[in-house]
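Biologist: I would like to learn how to read strands, their hairpins and their cysteines in a model. Please take it feature by feature.

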Amino acid sequence: PTVGNWMGGGGGSSGMKGLKKPFSVAELHDGRVLLSMPATHTVLLVERATGDGAAPTVTTLIGSKGKGRVPATPAATGRPGDCRVDTPSMMKVCKDGSVLLADSGNNRVLRLSPKMDRVSVLNVAADLNRPLSAVERSDGSIVIADSEHNRLVITAGPPSQGSTPTKCFFAGSDKKGDDAVKDGPSGGAEKKKSGSWFGSGK
């Protein structure tokens, strides 16, 4: 196999300097890649170069204006260039090409549109605390790893884009036995045939 340093400070002629503790990678349907950077409160958009030895094109999709909380409310939407986040964590691509982003430091989950030109806040009826991951189920509902509450938050259906929060179900620290999620859930994966979920502890 060919070994190369596509991005980063590890050396090599094609390496790109400046990455600081990259955390999560998500490949878009068009082949571009998103990279979450909690240490710098940014999300990068990476397009791999086609020429031999050429460096990839990297742009700051979210966070170019610094750490913050924009858009501020679930009913609002905004452009990625105006968006501000706090410790962005895991990202998951949905079936329509949109991307769920756990904005952990702001205790919320964002959705980027399939064209990566709009950002909105998931309006869920749950008080999240340091969510680390969110993933779409086959029915359009969302499962969120609500880390500091030691639980999974599951929306009753596809989240609303309006002002009315989507109802949620919960599995976690107030449960016992098989429903318990201990030590802060950090991610999840769906078993497609049964629709059941597996949550992983930290």
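Modeller: Start with the hairpin of strand 7 and strand 8 in this predicted model. There are 4 residues between the two strands, and asparagine 107 has a positive phi near 55°.

Biologist: How many bridges join strand 7 to strand 8?

Modeller: Strand 7, residues 99–103, is joined to strand 8 by 5 bridges, and the two run antiparallel. One pair in register is alanine 102 opposite valine 109 of strand 8.

Biologist: Which residues of strand 8 lie on one side and which on the other?

Modeller: In a regular strand, side chains alternate between the two faces of the sheet. Here Arg108, Leu110 and Leu112 lie on one side, with Val109 and Arg111 on the other. Both faces are covered, and each of these residues is buried. That accounts for 5 of the 5 residues in strand 8, residues 108–112.

Biologist: In what sense do strand 8 and strand 9 pair?

Modeller: Strand 9, residues 119–121, pairs with strand 8 in the antiparallel sense, over 3 bridges. Serine 120 in strand 9 is the bridge partner of arginine 111. Their hairpin has 6 residues between the strands, and methionine 116 takes a positive phi near 60°.

Biologist: How many disulfides does a search of the whole structure find?

Modeller: A disulfide is a covalent bond between the sulfur atoms of two cysteines. The search finds 0 in the whole structure.

Biologist: Is cysteine 83 buried or exposed, and what of cysteine 168?

Modeller: Cysteine 83 is buried, at 1% relative accessible area. Cysteine 168 also counts as buried, with 13% relative accessibility, because the cut-off is under 20%.

How values were computed: Residues are numbered from 1 along each chain as its sequence is written. This is a predicted model: local features need pLDDT of at least 70, side-chain atom pairs count only at pLDDT 80 or more; totals for chains, interfaces and linings use all residues. Side-chain values use heavy atoms; hydrogens and water are left out. Buried means under 20% relative accessible area, exposed over 50%, partly exposed in between (1.4 Å probe, protein chains only). Two strands pair if DSSP finds at least two bridges between them. A disulfide is a pair of cysteine sulfur atoms within 2.5 Å.
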